[in-house]
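Hi,

Here is the structure I promised to pass on to you. Have a look at it first, then read my notes below with the picture open.

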Amino acid sequence: MTKNEIEKLGISIAGELIRLGREAGGIAHITEDDLDHAVGELARCMTLLNIYEEREEYEKCAIMKIKIKSLREQIGDVGQEGGTDEI
């Protein structure tokens with residue numbers, strides 16, 4: 001993938017995550033700015049993961065995977081006030 005393609009993919013992923021977050025509803029305990037920041041950070045980490053995979057820098061890939069999992073959990077918690085863990 002080229003850098004431009006990776007950037008477009010990141011933007012597309014971020015947009016989809018925002019849409020899914022809004023559909024989940026119940027965003028009372030997290031502000032739009034917090035959600036936007038988390039989604040942007042997730043897109044950045046996913047882009048870096050792709051770059052590191054292309055360079056075969058697997059230690060950095062492992063770090064990005066941990067950050068991505070954490071961000072997905074943070075974003076996934078939006079709208080799950082009932083305490084169920086479906087992620």
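Reading along the sequence, you meet the pattern α-α-α. That is 3 helices and 0 strands. Keep in mind that this is a predicted model.

Some overall numbers to begin with. The chain has 87 residues, and 29% of them count as buried. Its accessible surface comes to about 6000 Å², with 52% of that belonging to carbon and sulfur atoms. I also looked at contacts between residues with a separation of 6 or more along the chain: 59% of these join residues 24 or more positions apart.

Now to the inside. The largest nonpolar core is made of 17 residues. Val39, Leu42, Met64, Ile68 and Ile75 are the ones with the most contacts inside this core. Each of the helices α1 (3-24), α2 (32-54) and α3 (58-76) supplies at least two of the core's residues. Which helix gives the most to this core? That would be α2, with 10 residues.

If you want one residue to click on, try Ile68. Apart from its neighbours within four places in sequence, Ile68 is in contact with Leu42, Cys45, Met46 and Leu49.

Next, take a closer look at α3. This helix has 19 residues and spans 26 Å from its first C-alpha to its last, which is close to the 27 Å expected at 1.5 Å a residue. Its buried residues are Cys61, Met64, Ile68, Leu71, Ile75 and Gly76. Try looking down the axis of α3: these buried residues fall within an arc of 125 degrees, so they line one face of the helix. What do they pack against? The buried residues of α3 pack against α2. Turned away from that buried side is a face carrying the exposed residues Glu59, Ile66 and Lys69.

Last, the cysteines. Are Cys45 and Cys61 buried or exposed? Cys45 has a relative accessible area of 0% and Cys61 has one of 4%, so both fall under the 20% cut-off and count as buried. As for disulfides, a pair of cysteine sulfur atoms would have to be within 2.5 Å, and by that rule the count comes to 0.

A nice way to go through all this is to colour α2 and α3 on your screen, then find Ile68 and the residues listed for it, among them Leu42 and Cys45.

Cheers

Notes
Residues numbered from 1 in each chain as written. Predicted model: local features only at pLDDT ≥ 70, side-chain atom pairs only at ≥ 80, totals over all residues. Heavy atoms only, no water. Helix = DSSP H or I, 4+ residues; strand = E, 2+ residues; numbered from the N terminus. Buried < 20%, exposed > 50% of the residue type's maximum accessible area, 1.4 Å probe, protein only. Contact = heavy atoms within 4.5 Å. Areas by Shrake-Rupley, 256 points an atom, 1.4 Å probe, with all protein chains shown as cover. Core = buried A, V, L, I, M, F, W, Y, C linked by side-chain atoms within 4.5 Å. Expected span 1.5 Å × (residues − 1). Arc of directions from axis to C-beta.
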